[in-house]
Amino acid sequence: MGRGSRQRFDVLVIGGGPAGVTAAARAAECDVRVAIVDDNLSLGGQIWRRATDGSMPDSVRWTERLRAAKVTELCGLRVFHQPQVGILLAEGVDDIHELRYDKLIMATGARERFLPFPGWTLPNVMGAGGLQAMVKSGLPVHGKRVVVAGTGPLLLAVAAYLREHGAELLRICDQASRSSLARFGVALLRQPGKMVQGLRLKKALAGVPFATNSWPVAAQGEQVLESVTISREGTSETIACDYLACGFHLVPATELPSLLGCEIENGYVRVDDFQRTTLPEVFCAGEPTGIGGIELALVEGQIAGLAAGGRADEARSLFGERKKRRAFAQALDRAFQLRTELQRLASPETIVCRCEDVPYSRLSQCSSWRAAKLQTRCGMGPCQGRVCGPATQFLFNWNPDSVRPPIFPVRLESFAVTAGVSEPVYQEVTGGHG
Amino acid sequence: MSNLLTVTVNGVAVEVASQATVAVAVVLAGQACRTSVSGQPRGPVCGMGICFECRVIIDGKPHCRSCQILCEPGMEVRTDG
């Protein structure tokens, strides 16, 4: 029998990145009881991860506002199930928490899209954001030879970060064409702050070869990565390196909104002007409603927080800024669309589902994601399709099927609660703000 | 330096920064985190707890996502599970 707590909040925020932090702070400033839940050990999400060095003033400012407004911080908890409307279950290191709410704001963020190519499963081939997260988590890269490849604005930010930490940046490869990136550059001119960021990156990356129309076609190595072969304008080149940081832009994390039954439109959670989903009293902000970067997340989070806190007029005053930021999101989508050549990178033997080691040749015989799951176990491993799902969607045009609880692998005792065969000993937690 | 600590990876001592994750220790040790179902070596990919490629055994406890767990002095990490 497990242990656990039972707590109730007026507004419950899931996700501690920029959208979640701003939503929680704004809602709590409306004098309601607010909690924010995140599966990491501290707030900040991926982009504000360990932003304690003063390099991200927004992170400090919003975290201070959140604390001043007495938001309850529930870190290290992973939401895995909704036993009934208005209640979510979350798993901690060795306990289970029942979280009740009147209003819910989901700010579950995004993750990188990974695409299979021969050798992509070798150790030291990581995501672009993945390698950055590892460096933020203490991995020294001084003097290490790194190739950054894939697509999206994250590549440049990651490359600059790695270089600041002493890595030798051999190449940055973006599969986007030079002309689509040029159009994206023009769109940036209309975004306040983006030009400054762009110029800063340009300075930080001075001298690093940057190639457009370029992508990885194979990684080589015996037990660990030794080199990567890059395609560029129809020619290929092999570069010896220690790390390949490779990601193909971002995909929204929509498992929780899907589990709850929110309408998903073209892969994104559908929301109205106040960031309300199609479910009553359930809001969504940030990347799950459209990949738009941190500035859009900050304004959507605020709108959701104010709307959930009952200050619709204040929320409305931010609509203009959100509109501007959404234009940037649309420019992102256009600039970094994946080219069809990438669908042919995998060879028949290339592993596509890394959890179950399902090769491309077995998947190419399947008619749908569901058929692939049943016939090959693709997507049935612990990542639950978070890596191979977006990949097969791009490779085979498969649509993910419905999400079932638990939305994350949980301990057996947590699963027993999900299945209704066991109930933890809950301790009521009251007090706090309000 | 006081901001370093030592863990062991498959019995070999590895020195890491005090706030480093277990995944960092495994990479620094030059080890793969796990062996896949068809026998391939695998290491960390996403760095944020979703890909499950960085699973290791920590102090006897299997299936730990090493990118989500901080090193503690004397921690015993095994990758051969």
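Reader: Which helices and strands of chain A do the buried residues of H4(A) pack against?

Author: In this predicted model, the buried residues of H4(A) pack against helix H3 (128-136), strand S9 (145-151), strand S10 (168-174), helix H6 (194-204) and strand S15 (243-248) of chain A. Packing rests on contact, which holds for two residues if their C-beta atoms, placed from the backbone, lie within 7 Å. Local features need pLDDT of at least 70 and side-chain atom pairs count only at pLDDT 80 or more, while totals for chains, interfaces and linings use all residues. Residues are numbered from 1 along each chain as its sequence is written, with chains lettered from A and ligands numbered from 1 in the order in which they are written.

Reader: What makes helix H4 of chain A largely enclosed by the rest of the structure?

Author: A residue is buried if 20 or more other C-beta atoms lie within 10 Å of its own, exposed if 12 or fewer, and partly exposed in between, with C-beta atoms placed from the backbone. In H4(A), residues 154-164, 8 of the 11 residues are buried, so the helix is largely enclosed. Among the buried residues are Leu154(A), Val158(A) and Leu162(A). H4(A) is followed by Gly166(A), whose phi is positive, near 95 degrees.

Reader: Why is strand S5 of chain A called largely enclosed by the rest of the structure?

Author: Of the 5 residues of S5(A), residues 87-91, 4 are buried, so this strand is largely enclosed by the rest of the structure. The names of such elements come from DSSP runs, numbered from the N terminus: helices are H or I with at least four residues, and strands are E with at least two.

Reader: How do you know that S5(A) pairs with strand S4 and with strand S6 of chain A?

Author: Two strands pair if DSSP finds at least two bridges between them. Strand S4 (residues 78-84) and S5(A) are joined in the antiparallel sense over 4 bridges, and S5(A) and strand S6 (residues 95-106) are antiparallel over 5 bridges, so under the rule of at least two bridges both count as pairs. Val79(A) has Ala90(A) in S5(A) as its bridge partner, and Ile87(A) stands opposite Arg100(A) in S6(A). S4(A) and S5(A) form a hairpin with 2 residues between them, where Gly86(A) in the turn has a positive phi of about 95 degrees, while the hairpin of S5(A) and S6(A) has 3 residues between the strands.

Reader: What makes strand S2 and strand S6 of chain B edge strands?

Author: The open sheet of 5 strands in chain B has the order S2-S1-S7-S5-S6, with mixed pairing. Strand S2 (12-17) and strand S6 (61-65) each have a single partner strand, so one side of each is left without a neighbour in the sheet. Within chain B, 2 bridges join the antiparallel strands S5 (residues 55-58) and S7 (residues 76-78), and Ile58(B) has Val77(B) as its bridge partner.

Reader: How many residues of chain A are in contact with chain B, and which element gives the most?

Author: In chain A, 25 residues are in contact with 27 residues of chain B. H3(A) gives the most to the side of chain A that touches chain B, with 4 residues. That side divides into 9 nonpolar, 9 polar and 7 charged residues, where Ala, Val, Leu, Ile, Met, Phe, Trp, Tyr, Cys and Pro count as nonpolar, Asp, Glu, Lys and Arg as charged, and the others, Gly among them, as polar.
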